[in-house]
Amino acid sequence: MDAASALDEIARLLEQELANPYKAKAFRRALGVIEPLSGDELAAKLADGSLKRTPGIGDTTYEVIAEASAGTVPAYLADLREKAGVGEVRAGLRALLRGDLHCHSEWSDGTTSIAAMARAAAGAGLEYVALTDHSPSLRVANGLTAERLASQLEIVEALNSSGELGVRILPGIEVDIREDGSLDQTPEMLDRLDVVVASVHSKLRSPREAMTERMLRAVADPHTNVLGHCTGRLVRGSRGTRPQSEFDAEAVFAACVANGVAVEINSRPEREDPPDELIALALDAGCLFSIDSDGHAPGHSAFLALGAARAEAAGIPPERIVTTWPVDDLLAWSRRNR
């Protein structure tokens, strides 16, 4: 194991366990310091003690670098691996997942680059991952204007053309469902995307009738592929808890079936959205599903196992889960109206 790989893996495992984000950032900062160094340069800095005095290198990250450079698995990493069950074989529905249709980069409110998120998806055994940064009205999450989204599409194309990431990035967006049910991006830009996840992020306590109409209009938009975290609830985590929004789930899920829209099983442990009873209702209605990480950091790809376990417990057939489909089948479905 080399020091850079050790620092990267530690950061991902900290992100996976939803540790204080500053911990993962410390290891990524140290990674940024040593990545430009050759093996001989790093060894020299370790030998003369200058690495320990380098900005961006703390006591813990120094120990990790020193242990990895000596050819051993750092103790800090070994402990994290044991806690996370690293090395366990993927099985069941998780082993059938080919893609993830919901993740964020530093372009909106994610923590790392597009390439880092893609490499994490590849490391999780996926064949494709949709980049779905936020849309403009979600200013708190640095949502993308049409101009910024157009620039991002150029970068995605270049990354895919390089063939170096081991995974295909699908250009997409998590588009906000406005209060009137319209989608928060221009139709021209939505036409250019492979995947559109439509989610409610505001006025979550709206009356049941208003929320139902809002969601029905969004689901009926031909650009919508996935209805994201449909209740908006939070069940744990640093943001506290939040009750689920109220809407006519039978009507909304019937509209999803009629319009070929998948219901997202959001794998984030603080969301567990939809609740079990709504997953059962969507299953009985005949809905398609998308098991997504909603990842905001590379380590969040591991959340897919949680979503897969919930879908498996609900008895959802794998063929009803679009993220088990080969990419050509997925794109034939997602771009059918574009």
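Is Ala 121 buried or exposed? Ala 121 is buried, at a relative accessible area of 1%. The close-ups below begin with this residue; please keep in mind that the model is predicted.

**View 1. Ala 121 and its surroundings in helix 7.** Ala 121 belongs to helix 7, which covers residues 114-123. Setting aside neighbours within four places in sequence, its contacts are Leu 126, Val 129, Val 167 and Ser 301. If you look for Arg 98 too, its C-alpha atom is 9.8 Å from that of Ala 121, and the two residues are 23 apart along the chain.

**View 2. The salt bridge of Glu 9 and Arg 81.** Here the closest N and O atoms of Glu 9 and Arg 81 are 2.8 Å apart. Glu 9 sits in helix 1 (residues 3-16) and Arg 81 in helix 5 (residues 75-84), so this pair ties together parts that are 72 residues apart in sequence. Glu 9 counts as buried because its relative accessibility, 11%, is under 20%. Arg 81, with a relative accessible area of 25%, is partly exposed.

**View 3. The salt bridge of Arg 217 and Asp 180.** The closest N and O atoms of this pair are 3.6 Å apart. Distant parts of the chain are linked here, with Arg 217 in helix 10 (residues 208-220) and Asp 180 in the loop between strand 3 (168-176) and helix 9 (187-191), 37 residues apart. Arg 217 is partly exposed, with a relative accessible area of 46%. For Asp 180 the relative accessible area is 46%, and this residue is partly exposed.

**View 4. A buried pair and a network of charged residues.** Glu 270 and Arg 268 meet through their side chains in a salt bridge, 2.7 Å from N to O. Both Glu 270 and Arg 268 are buried. Turning to another group, Asp 8, Arg 12, Glu 15 and Arg 28 are joined into one network by salt bridges that share partners. The count of salt bridges comes to 14.

**View 5. Helix 2 and its buried face.** Helix 2 (residues 21-34) has 14 residues and spans 21 Å from its first C-alpha to its last, close to the 20 Å expected at 1.5 Å a residue. Its buried residues are Ala 24, Phe 27, Arg 28, Ala 30, Leu 31 and Ile 34. Viewed down the axis of helix 2, these buried residues fall within an arc of 155°, so they line one face of the helix. They pack against helix 1, helix 3 (39-48), helix 4 (59-69) and helix 5. At the start of helix 2, a side-chain oxygen of Asn 20 comes within 2.9 Å of the backbone nitrogen of Tyr 22.

**View 6. The nonpolar cores.** The largest nonpolar core holds 60 residues, and Leu 227, Phe 289 and Ile 291 have the most contacts inside it. Apart from this core lies another, of 23 residues, including Ala 3, Leu 7, Leu 42 and Leu 51. Beyond four places in sequence, the contacts of Ile 291 include Leu 93, Ile 265, Leu 304, Ala 308 and Ile 321.

**View 7. Thr 323 beside Ile 291.** Thr 323 is in the loop between helix 13 (304-314) and helix 14 (327-334). Although it is a loop residue, Thr 323 is buried, with a relative accessible area of 0%. A polar atom of its side chain lies 3.2 Å from the backbone nitrogen of Ile 291. Away from its sequence neighbours within four places, Thr 323 is in contact with several residues, among them Leu 96, Arg 98, Asp 100, Tyr 128, Phe 289 and Asp 292.

**View 8. Backbone features in two loops.** In the loop between strand 6 (262-266) and helix 12 (276-285) you will find Pro 274. The peptide bond from Asp 273 to Pro 274 is cis, with omega near 5°. Glu 272 is placed in the loop between strand 6 and helix 12, and its phi is near 45°, a positive value in a residue other than glycine. With a relative accessible area of 27%, Glu 272 is partly exposed. Leu 18, in the loop between helix 1 and helix 2, has a positive phi near 55°. Leu 18 counts as partly exposed, at 39% relative accessibility.

Note on methods: Residues numbered from 1 in each chain as written. Predicted model: local features only at pLDDT ≥ 70, side-chain atom pairs only at ≥ 80, totals over all residues. Heavy atoms only, no water. Helix = DSSP H or I, 4+ residues; strand = E, 2+ residues; numbered from the N terminus. Buried < 20%, exposed > 50% of the residue type's maximum accessible area, 1.4 Å probe, protein only. Contact = heavy atoms within 4.5 Å. Salt bridge = Lys/Arg side-chain N within 4 Å of Asp/Glu carboxyl O. Core = buried A, V, L, I, M, F, W, Y, C linked by side-chain atoms within 4.5 Å. Expected span 1.5 Å × (residues − 1). Arc of directions from axis to C-beta. Polar contact = N/O pair within 3.5 Å; in protein donor to acceptor, adjacent residues only side chain to side chain.
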